[in-house]
Amino acid sequence: MDGDDIPKSEANALVKNDDILNNSTNKTANVGGQDGPVAEEQTLSKRQKKKLLKQQKWEDERDLRKQKRKDRKQQRRLERQSGPRDDEGDEPDRRRAAKRPRRETAPTSLRLVVDCSFDDLMLIKDVRKLHKQIQRCYAENRRASRPVQFYLTSLGGQLKQSMDEKDKGWINWKDIIIKVEHFSQVADKEDLVYLTSDSPNVLTELDPKKAYVIGGLVDHNHHKGITLDRARDLGIRHARLPLGTFVRMNSRKVLAVNHVFEIILAYVEKGHWRDAFFSVLPARKGAQALAPETPVTPETTETPVTLETTETPVTPESAERDQHSDPDAPQSPHK
């Protein structure tokens with residue numbers, strides 16, 4: 001092929017590559033200052049030249065790769081639309097079966113609320129972690145065979161900014177109730193139960209009429225006891241999961257928001273706390289099952305509480321009395 005027969009696009013690419021190599025090999029450095037000797041020529045090795053050419057080729061083909069991805073996506077869409085159907089015009093059984101699990105779900109009346117009112121107490125890196133945990137809660141609830149009524153309250157500040165920047169599709173989430181209001185304004189006070197690992201009350205059963213609140217806080221234990229303080233300040237019930245009754249752990253018993261959420265989902269489906277814990281707890285927690293004959297620890301000597309039947313409702317007066325009677329109880333920063 002003569003030089004005149006080379007396509008214009010390829011000729012331009014060759015000229016561009018030559019320019020890159022010439023610029024790279026003709027770099028000079030002044031090693032003697034303003035009055036120093038003449039700068040010496042800096043050369044590139046064959047490997048460096050090859051790397052530059054490869055990088056330039058990658059950049060030049062960027063639009064082509066993008067177009068190929070669009071073409072493949074369009075082709076898959078056309079194949080789905082023109083796929084085989086039965087005599088009635090419906091999709092084959094194998095395609096209907098893929099959608100069946102979502103249609104066979106049995107939503108429950110149990111409410112799970114993530115309280116996002118701790119935004120001002122977190123660094124932006126922890127806010128982003130909370131964002132990912134909320135995404136996990138949403139995904140797990142959508143996949144659950146018995147999904148709960150999912151509430152996200154006090155949404156704003158850094159968390160909303162992170163969601164807007166990293167996950168613009170959140171505004172189209174389904175089967176979730178998102179509120180800027182505080183959780184105390186979206187449920188009756190007598191129906192609220194704050195789940196906190198600092199509570200002395202052990203949750204033994206779930207009441208489908210209650211709304212269980214999970215503190216949306218990632219603080220690496222910097223604000224220990226703050227969720228319990230919030231519950232006492234509001235005069236609402238509080239409890240902790242019966243983790244110490246069924247599980248021995250090598251790490252601290254403070255769980256991430258999505259772990260608490262998933263444990264509740266698993267309990268609703270399986271009906272047993274032990275199965276729920278071990279289907280969710282990550283391996284890094286070092287969870288081990290407690291045998292029935294295991295000696296009772298101080299944690300498990302507390303009286304289990306079934307909140308809907310035996311716990312005495314907490315009032316502001318009783319909460320204040322409890323704090324004064326317990327010298328180790330953390331003081332609320334909001335008083």
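What follows is a short chat about how some labels in this predicted model are earned.

User: Before the details, how many helices and strands does the protein chain have?

Analyst: Eleven helices and twelve strands. Buried residues make up 37% of the 335 residues. The accessible surface is about 21,200 Å², with 48% of that belonging to carbon and sulfur atoms. As for contacts between residues at least 6 apart in sequence, 75% join residues at least 24 apart.

User: What makes tyrosine 267 and tryptophan 273 a stacked pair?

Analyst: Two checks. Ring centres have to lie within 6.5 Å, and planes under 30 degrees apart count as stacked. Here the centres are 4.0 Å apart and the planes sit at 15 degrees, so the pair is stacked. It belongs to a count of six aromatic pairs, and ring pairs link Phe246, Tyr267, Trp273 and Phe277 into a cluster.

User: How do you know whether those two residues are buried or exposed?

Analyst: Buried means under 20% relative accessible area. Tyrosine 267 comes in at 14%, so it is buried. Tryptophan 273 has 4%, so it is buried as well.

User: What sits over the ring of tryptophan 58?

Analyst: That's the charged end of arginine 65, at 3.4 Å from the ring centre. The distance cut-off for this label is 6 Å.

User: Why is the link between arginine 111 and aspartate 191 called a salt bridge?

Analyst: The label needs a side-chain nitrogen of Lys or Arg within 4 Å of a carboxyl oxygen of Asp or Glu. The closest N and O atoms of arginine 111 and aspartate 191 are 3.8 Å apart, so the pair meets the 4 Å cut-off. As background, side chains of opposite charge can pair when their charged atoms come close. In total there are eight salt bridges.

User: Where in the chain do arginine 111 and aspartate 191 lie?

Analyst: Arginine 111 is in strand S3 (residues 111–115), while aspartate 191 is in the loop between strand S5 (177–178) and strand S6 (192–195). They are 80 residues apart, and the pair links distant parts of the chain. On the under-20% cut-off, arginine 111 at 18% counts as buried, and aspartate 191, also at 18%, is buried.

User: What does the salt bridge between aspartate 175 and arginine 142 tie together?

Analyst: Their side chains meet at 2.6 Å, N to O. Aspartate 175 lies in the loop between helix H6 (157–166) and S5, and arginine 142 lies in helix H5 (residues 124–143), so the pair ties together parts that are 33 residues apart in sequence. Partly exposed covers the range between the 20% and 50% cut-offs. Aspartate 175 fits at 45%, and arginine 142 fits at 28%.

User: And lysine 224 with aspartate 198: how exposed is each partner?

Analyst: Exposed means over 50%. Lysine 224 has 55%, so it is exposed, whereas aspartate 198 has 28% and is partly exposed. The two side chains meet in a salt bridge at 3.4 Å, N to O.

User: Which residues are linked in a network of salt bridges?

Analyst: Arg136, Glu140, Arg143 and Glu262.

User: Helix H5 came up earlier. How do you know that its span agrees with what 20 residues should give?

Analyst: At 1.5 Å a residue, H5 should span 28 Å, and its end C-alpha atoms are 29 Å apart, which agrees. The buried residues in H5 include Val127, Leu130, Ile134, Cys137 and Tyr138.

User: Is serine 199 buried or exposed, and what makes you say so?

Analyst: Serine 199 has 2% relative accessibility, so it counts as buried. It lies in the loop between S6 and S7. Leaving aside neighbours within four places in sequence, serine 199 is in contact with Leu228, His238, Ala239 and Arg240.

User: What about tyrosine 212, buried or exposed?

Analyst: Tyrosine 212 is at 0%, so it is buried. Its place is in strand S8. Again leaving out neighbours within four places in sequence, its contacts include Leu110, Arg111, Val193, Leu195 and Leu203. The C-alpha atoms of tyrosine 212 and arginine 237 are separated by 9.6 Å, with the two residues 25 apart along the chain.

How values were computed
Residues numbered from 1 in each chain as written. Predicted model: local features only at pLDDT ≥ 70, side-chain atom pairs only at ≥ 80, totals over all residues. Heavy atoms only, no water. Helix = DSSP H or I, 4+ residues; strand = E, 2+ residues; numbered from the N terminus. Buried < 20%, exposed > 50% of the residue type's maximum accessible area, 1.4 Å probe, protein only. Contact = heavy atoms within 4.5 Å. Areas by Shrake-Rupley, 256 points an atom, 1.4 Å probe, with all protein chains shown as cover. Phe/Tyr/Trp six-rings, centres within 6.5 Å; stacked < 30°, edge-to-face > 60°. Lys NZ or Arg CZ within 6 Å of the ring centre and 35° of its normal. Expected span 1.5 Å × (residues − 1).
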